[in-house]
Amino acid sequence: MNQENQSEEIDLMQVFGMIKDFFRKFLRLIISIVSFYKKKWVLFLILGLVGGGLGFFMDQYQNKKNNYQQEIIIAPKYNSVEYIYDFIEDLEDNFKDEVFVNTLGLDIDLVEDVKKIVLEPIIQPMDVLNELKENYGDKESFIEVYDEKLLEEKKYRNFYKQHRLTITFKDRGADNNKITKAILEYIKSNSYFKEVLDLELKQTTASLDQNRKSLQFINEYLTNLSQNPSQSDQAVIFASESEIPTISSLIRRKDALINQITEEEKTLALDKEIFTIVAYGDIISKRKILINRRLLVVPFLLIGLVSVFFLFRYISREALAFVNSEQNTN
């Protein structure tokens, strides 16, 4: 038993000795690192200052090259989605044509500030499903087999109600808003869609007038019936197969007319152009000046590279010393 206890004590002493040796080496390593940076503090201070200055100027230059963006959300009307997309997709090339630019009421020098123009749908899966339901019937049959990746395909973009127009400028020019306004006004000026729009509004106005008269007639009929009920009217109420309208059918017709009138009034109020502007954003910078990016990254990068250089030099020196000692031993 005494030998076993002595053996266990020896094992524990060895373990504690190993732990103690590990911490001694670890502390020695920390002290060596601190001592190294303490000796080289002038070098690393210079690297930090140089890196900070370089990062500052890189941030300033990057800020000068910032992307200034303006986002406008539009809701196309009267099946104008493909026309608007085709126009926007060709716009960057058309901006190189001075004649076309002049038709927009702009100067060629002004549009050179435009870097990129993108129109993309604001993806709402329910817009697609509702469209499929309207065209093909029950939308439930599409939900299980519907691949979400299809939402981004070109063939579905005319299903979406809203689309985001993003105009990227090279600089924050005072006349950038003039470019945006000219683009939107030119789209609205399309002669074909203006004719479609005029015809649609005329038909909607005529339908609205007729529906209002029908609603007035039904209201008057129901009012008179409630004030002067008769046996013939009671017969109408319980008629089920007759072509003569019943009171319940008149009430349903009244509700349908109210909904239809509401939609037509909304069309006349909001759909006077081939697209509605849902949101008209200001021109904003997508980056902030000195956002602690290159100003801090560059100094740490320089210090890190120099530290790695000294580390490899130390390792190679130690390895060479080890090899020499082994040769001398042999």
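## An aromatic starting point

Let's start with one side chain: Tyr192 is exposed, since its relative accessible area is 52%, over the 50% mark. Its partner tells another story, because Phe193, at 8% relative accessibility, counts as buried. Tyr192 and Phe193 pair edge-to-face, with 5.1 Å from centre to centre and 75° between the ring planes. Add Tyr83 and you have one aromatic cluster made of Tyr83, Tyr192 and Phe193.

Keep in mind that what you're looking at is a predicted model.

## The whole protein

Now step back. The protein has 330 residues, and 28% of them count as buried. Its secondary structure comes to twelve helices and five strands. About 23300 Å² of the protein is exposed, with carbon and sulfur atoms supplying 56% of that area.

How do the contacts spread along the sequence? Take the contacts with a separation of 6 or more: 84% of them are between residues 24 or more positions apart.

## How far to trust it

The mean pLDDT is 77, and 75% of the residues reach 70 or more. Residues 231–242 are a weak spot, with pLDDT below 50. That stretch still has ten contacts in the model beyond its near neighbours in sequence. Where pLDDT is low, the predicted coordinates shouldn't be read in detail.

## The cores

Which residues have the most contacts inside the largest nonpolar core? They are Ile88, Phe95, Ile117 and Ile183, in a core of 32 residues. Plenty of elements chip in at least two residues each: strands E1 (68–76), E2 (114–121) and E3 (163–169), along with helices H3 (81–94), H4 (98–103), H5 (108–111) and H8 (176–188). H3 gives the most, with six residues.

Ile183 shows what this looks like up close. Leaving out residues up to four places away in sequence, Ile183 touches Phe87, Ile88, Leu91, Phe95, Ile117 and Ile167. There's also a second, separate core of seven residues, including Leu215, Ile218, Leu250 and Ile261.

## A look at helix H3

H3 is worth a closer look. With 14 residues at 1.5 Å a residue, H3 should span 20 Å, and its end C-alpha atoms are 19 Å apart, so the two agree.

Which residues of H3 are buried? The list is Val81, Ile84, Tyr85, Phe87, Ile88 and Leu91. In an α-helix there are 3.6 residues a turn, so residues three or four places apart point the same way. The buried residues of H3 pack against E1, H4, E2, E3, H8 and strand E4 (275–280).

## Rings that link helices

The structure holds six aromatic pairs. One of them joins Phe87 and Tyr186, which are stacked at 5.4 Å centre to centre with 20° between the planes. Phe87 sits in helix H3 and Tyr186 in helix H8, so this pair ties together parts that are 99 residues apart in sequence.

Are these two rings buried or exposed? Phe87 counts as buried because its relative accessibility is 9%, under the 20% cut-off. Tyr186 has a relative accessible area of 29%, so Tyr186 is partly exposed.

## A threonine in a strand

Strand E3 holds Thr166. At 10% relative accessibility, Thr166 counts as buried. Which residues does Thr166 contact, leaving aside neighbours within four places in sequence? Thr166 is in contact with Gln69, Gln70 and Glu71, and also with Lys116, Ile117 and Val118.

## A loop with unusual angles

Most residues other than glycine have a negative phi. The loop between E1 and H3 offers two exceptions to look at. Tyr78 is in that loop between E1 and H3, and Tyr78 has a positive phi of about 55° although it isn't a glycine. Asn79 is in the loop between E1 and H3 too, and for Asn79 the phi is also positive at about 55°, again without being a glycine.

What about their exposure? Tyr78 counts as buried, with 17% relative accessibility, whereas Asn79 is exposed, with a relative accessible area of 77%.

Technical notes
Residues numbered from 1 in each chain as written. Predicted model: local features only at pLDDT ≥ 70, side-chain atom pairs only at ≥ 80, totals over all residues. Heavy atoms only, no water. Core = buried A, V, L, I, M, F, W, Y, C linked by side-chain atoms within 4.5 Å. Buried < 20%, exposed > 50% of the residue type's maximum accessible area, 1.4 Å probe, protein only. Helix = DSSP H or I, 4+ residues; strand = E, 2+ residues; numbered from the N terminus. Contact = heavy atoms within 4.5 Å. pLDDT = per-residue confidence, 0-100. Areas by Shrake-Rupley, 256 points an atom, 1.4 Å probe, with all protein chains shown as cover. Expected span 1.5 Å × (residues − 1). Phe/Tyr/Trp six-rings, centres within 6.5 Å; stacked < 30°, edge-to-face > 60°.
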